[in-house]
Amino acid sequence: MPFARLATATTPTCHIGLGLAAVGRPGYINLGRDEDLGEDRSVETLRARTHDLLDAAYAQGVRYVDAARSYGRSEEFLADWLKARPDVDDVVVGSKWGYTYTAGWSTDAETHEVKDHSVRTYDRQRAETAGLLGDRLDLYQIHSVTPDSPALTDKELHARLAEAAAQGVTVGFSTSGPAQADAIRAALAVTVDGEPLFRTVQSTYNALETSAGPALAEAHDAGLTVIVKEGMANGRLAGPHAPDLLRTVAAETGLGCDAVALALVLRTPWAGVVLSGAATAAQLASNLHAAVVDLDEDQLARLAALTEDPQTYWNRRAALPWH
C-alpha cells in the first residue's frame with residue numbers, strides 16, 4: 001500500500017494533501033477563485049502556478065497529491081513537475097477517472113465535464129493517465145460514485161480494476177452528492193474473488209456537510225484509507241465567505257477560518273488525508289496551519305451548529321458558478 005509511506009512521515013502536515021482541481025484548468029467552482037487566479041489563465045501560466053504550489057507543498061511536508069482526468073491538465077502539470085524533481089520519491093500520487101474534461105480550456109463552456117463510469121471510459125482514461133504519470137501513479141480512483149453508479153455493479157469493470165491492483169496500483173473511489181453514505185457502504189460490499197476491491201475512499205466532509213462521517217468511520221474500520229475532499233466547502237468556509245460563527249472561533253485561535261475548517265476534519269479519528277484545494281501559495285500556507293489548531297470542547301460544540309441538511313448543502317454546491 002503506497003499510503004504506508006504516509007504512515008511513516010513525521011511532519012505535522014503529512015496528513016494534508018494537495019488537490020489540483022482549482023489549478024489544473026481555467027474554470028472551477030471555488031468561491032473567490034476569479035480573484036485568486038486573475039485574468040491570465042493560459043496553459044503555461046497555470047502550469048507554472050501548479051509547479052510553484054507543488055514546490056511549496058513539498059517543502060512544507062505535504063506528501064500526497066491528488067489529480068484527475070477531468071481536472072484539465074492537472075496530470076500533465078504534475079507529471080512535468082515529477083520529471084523535473086527526480087529527487088522527489090516519497091510523494092504519493094493519486095488520480096481519478098470517470099469524468100472527461102470537455103471545456104476546451106474555457107471558463108464559460110456550456111459543459112465542463114461529462115461523467116461516464118463505463119469500462120470503455122476506464123480503458124481510455126487509464127491509458128491516458130499511464131501515458132502521463134507512468135509508474136508514478138500510486139492510486140487510481142473512480143470519480144464521484146453515487147448509489148446509482150454502474151461502477152458499483154459492473155463485474156467486467158471490477159475485473160479490470162482488480163487487474164490494476166494486481167499490478168501494484170491501489171484502487172479507490174470518490175463520492176459526491178447527498179447520498180454519499182449509501183455509496184460508501186455499497187462500495188465496501190464490492191469484492192473480486194472474495195476480496196474487497198477498494199482500498200481507499202475520498203469523500204466530501206466539512207463543517208457544513210457531515211453526513212458521510214459514520215460511513216467513513218466504517219470504511220476506516222474496514223481497513224480503507226480515507227481521503228477527505230472539499231474540507232472548505234468550495235470556499236464557503238474561507239475568508240470573506242465564512243459564516244460569522246466560524247470567524248469568531250478562528251479569531252479565538254488566532255488563525256484563519258480555513259485552518260480551523262480543515263482542523264475540524266483532521267481531528268476525526270478516521271481521516272487519513274485531508275486535501276487542501278489551494279490556488280495560491282499564501283492559501284496553502286494558511287491551510288497548513290490546520291495541523292497546529294487546537295480546538296476546545298466549547299469551540300467544537302459551537303461549530304457543530306454550522307451543519308446543514310445534506311440536500312440543502314448539495315443544492316447550494318450545484319448552484320455555485322464556474323469562475
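This briefing describes the strand barrel, selected strands and helices, and a few individual residues of the structure above. The model is predicted. Eight strands close into a barrel with parallel pairing, in the order E1-E2-E3-E6-E7-E10-E11-E12. From one strand to the next, the twist averages 25°. No disulfides are present: the structure holds zero.

**Strand E1 and its partners**

- Strand E1 spans residues 16–19; Ile16 and Leu18 point one way from E1, while Gly17 and Gly19 point the other way.
- Residues on both faces of E1 are buried, namely Ile16, Gly17, Leu18 and Gly19.
- E1 runs parallel to strand E12 (residues 271–276), and three bridges join the two.
- Within this pairing, Ile16 of E1 has Val274 of E12 opposite.
- E1 also pairs with strand E2 (residues 64–66), again in the parallel sense, over two bridges.
- Here Leu18 stands opposite Val65 in E2.

**Strand E12 and strand E11**

- Strand E11 (residues 225–229) and E12 run parallel and are joined by three bridges.
- Val228 stands opposite Val274 in E12, and Val274 also has Ile16 opposite.

**Strand E6 and its surroundings**

- E6 is mostly covered, with seven of its seven residues buried.
- With strand E3, E6 forms a parallel pairing over four bridges.
- Ile142 in E6 is the bridge partner of Trp97.
- With strand E7 (residues 170–175), E6 forms a parallel pairing over five bridges.
- Thr170 in E7 is the bridge partner of Leu139.
- A right-handed β-α-β unit is made by E6, helix H6 (residues 155–166) and E7.

**Helix H4**

- Helix H4 covers residues 74–84, and its buried residues are Ser74, Glu75, Phe77, Leu78, Ala79, Trp81 and Leu82.
- In an α-helix, residues three or four places apart point the same way, because there are 3.6 residues a turn.
- The cover over the buried residues of H4 includes two helices, H3 (43–59) and H5 (119–133).
- Strands also contribute to this cover, including E2, E3 (92–97) and E6 (139–145).

**Asn287 in helix H11**

- Asn287 lies in helix H11, which spans residues 281–288.
- Asn287 counts as buried because its relative accessibility is 3%, under the 20% limit.
- The side chains of Asn287 and Ser276 are joined by a polar contact of 2.7 Å.
- Neighbours within four places in sequence left aside, Asn287 is in contact with Ile16, Met232, Asp258, Ala259, Leu262, Ser276, Gly277 and Ala278.
- Among these contacts, Ile16 belongs to E1, and Ser276 belongs to E12.

**Cysteines**

- Cys14 has 3% relative accessibility and therefore counts as buried.
- Cys257, at 11% relative accessibility, also counts as buried, since buried means under 20%.
- A disulfide is a covalent bond between the sulfur atoms of two cysteines.
- The number of such bonds in this structure is zero.

Technical notes
Residues are numbered from 1 along each chain as its sequence is written. This is a predicted model: local features need pLDDT of at least 70, side-chain atom pairs count only at pLDDT 80 or more; totals for chains, interfaces and linings use all residues. Side-chain values use heavy atoms; hydrogens and water are left out. Buried means under 20% relative accessible area, exposed over 50%, partly exposed in between (1.4 Å probe, protein chains only). Two strands pair if DSSP finds at least two bridges between them. Contact means heavy atoms within 4.5 Å. A disulfide is a pair of cysteine sulfur atoms within 2.5 Å. A polar contact is a pair of N or O atoms within 3.5 Å; within protein, one must be able to donate a hydrogen and the other to accept it, and residues adjacent in sequence count only if both atoms are side-chain atoms. A crossover is right-handed if, with the strands pointing away from the viewer, the path from the first strand over the helix to the second runs clockwise. Axes are lines fitted to C-alpha atoms, for helices over the stretch in contact, and angles run from 0 to 180 degrees between N-to-C directions.
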